[in-house]
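Colleague: I am new to reading protein models, and I would like to learn how each kind of feature is recognised before we look for it. Could we take them one after another?

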Amino acid sequence: MRTYGQYCPIARTSELMAERWTPIIVRNLLAGCRTFGQLADGAPGISRALLADRLETLERHDIVQKLPSDDRRTRWTYELTERGRQLKAITDAMGEWGARWLELEPHHTDAAYTLWATTKLVDLEELDDSGLTVRVRLKGVRSTYWLMLRKPYPEVCTTSQGREEDLVIDTDSTTLARVHLRRITPNDAVREGLLSISGPARVRRSLLAALRPSPYAHVTPAAGRPQLNAE
């Protein structure tokens, strides 16, 4: 690990937390990701080798513990230690500062991440036990995605896995990001034609009622800061 050679606690913490992808991995663990695949899904663009390296570093510093999995589909699970859980204060501060002072720009709305964030913001307890299968068509993106909103862990898939879809959403990544951050409400996005949800009215209402805002939606952007609008 690179070092600043400084005893200052900020410098020593930065040696660990300022490494590329490390705050994202900690954020994902705090959000409930437990397997290597789940952590990778929440960090589109990270290589498997780099994710493994970052997890090893966090484990070495007693921030993450690696445990044998009871699920045959994966060998190991990962969870934060007490020391790791205390990093929530740092990630919360980063999130609130970024929401207030940094502009939301087009390159921040990666489709894979935005859809992953959508699954994390849906309160599964508010849905029927069978969950929902939602097809999503994003403007400007060739691929079609399906949100598998069911317990124990919601997923973003590139096939329907043979399941009958309950709803179809047509929108764009920017609109989803603005909805999550409550720069626009879901109902206003529908009324303005930025978001279309096709399917039975009861199921549409169920999804909208279960969609929670980003943990940083309460932060008011700094006055005069430009806001990203849908394309």
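Modeller: What follows is a conversation about aromatic rings, charges, burial and contacts in the structure shown above.

Modeller: This is a predicted model, in which local features need pLDDT of at least 70 and side-chain atom pairs count only at pLDDT 80 or more, while totals for chains, interfaces and linings use all residues. Residues are numbered from 1 along each chain as its sequence is written, and side-chain values use heavy atoms, with hydrogens and water left out.

Colleague: How many aromatic pairs does a search of the whole structure find, and how is such a pair described?

Modeller: A pair of aromatic rings is described by the distance of the centres and the angle of the planes. Rings of Phe, Tyr and Trp (its six-membered ring) pair if their centres lie within 6.5 Å, and planes under 30 degrees apart count as stacked, over 60 as edge-to-face and the rest as tilted. The search of the whole structure finds 1 aromatic pair. The pair is formed by Tyr113 and Trp116, whose centres are 5.8 Å apart with 35 degrees between the planes, and it is tilted.

Colleague: Where in the fold do Tyr113 and Trp116 lie?

Modeller: Helices (H or I, at least four residues) and strands (E, at least two) are DSSP runs, numbered from the N terminus. Tyr113 and Trp116 belong to helix H7 (residues 111–121), and because they are 3 residues apart there, about one helical turn separates them.

Colleague: Are Tyr113 and Trp116 buried or exposed?

Modeller: Buried means under 20% relative accessible area, exposed over 50%, and partly exposed in between (1.4 Å probe, protein chains only). Tyr113 is partly exposed at 29%, whereas Trp116 is buried at 7%.

Colleague: Which residue lies over the face of Trp76?

Modeller: A charge sits over a ring if NZ of Lys or CZ of Arg is within 6 Å of the ring centre and within 35 degrees of the ring normal. Here Lys66 lies over the face of Trp76, at 4.7 Å from the ring centre.

Colleague: How many salt bridges does a search of the whole structure find?

Modeller: A salt bridge is a side-chain nitrogen of Lys or Arg within 4 Å of a carboxyl oxygen of Asp or Glu. The search finds 12 salt bridges, and one of them joins the side chains of Asp71 and Arg73 at 2.9 Å, N to O. Asp71 is partly exposed, with a relative accessible area of 31%, while Arg73 is exposed at 77%.

Colleague: Where do Lys88 and Asp92 lie?

Modeller: Both are in helix H6 (residues 88–101), 4 residues apart, about one turn of the helix. The side chains of Lys88 and Asp92 meet in a salt bridge of 2.7 Å, N to O, with Lys88 partly exposed at 41% and Asp92 partly exposed at 24%.

Colleague: Which parts does the pair of Glu125 and Lys151 tie together?

Modeller: The side chains of Glu125 and Lys151 meet in a salt bridge of 3.2 Å, N to O. Glu125 lies in the loop between H7 and strand E3 (132–138) and Lys151 in the loop between strand E4 (144–149) and strand E5 (155–157), so the pair ties together parts that are 26 residues apart in sequence. Glu125 is exposed at 59%, and Lys151 is partly exposed at 45%. Elsewhere, salt bridges that share partners join Glu19, Asp53 and Arg54 into one network.

Colleague: With which residues is Val26 in contact, leaving aside its neighbours within four places in sequence?

Modeller: Contact means heavy atoms within 4.5 Å. Val26, in helix H2 (residues 22–30), is buried with a relative accessible area of 0%, and beyond those neighbours Val26 is in contact with Met17, Leu58, Leu80, Leu87 and Thr91.

Colleague: How many residues of helix H8 are buried, and what do they pack against?

Modeller: Helix H8 (residues 173–180) is mostly covered, with 8 of its 8 residues buried, among them Leu176, Arg178 and His180. The buried residues of H8 pack against H7, E3, strand E6 (167–171) and helix H9 (186–191).
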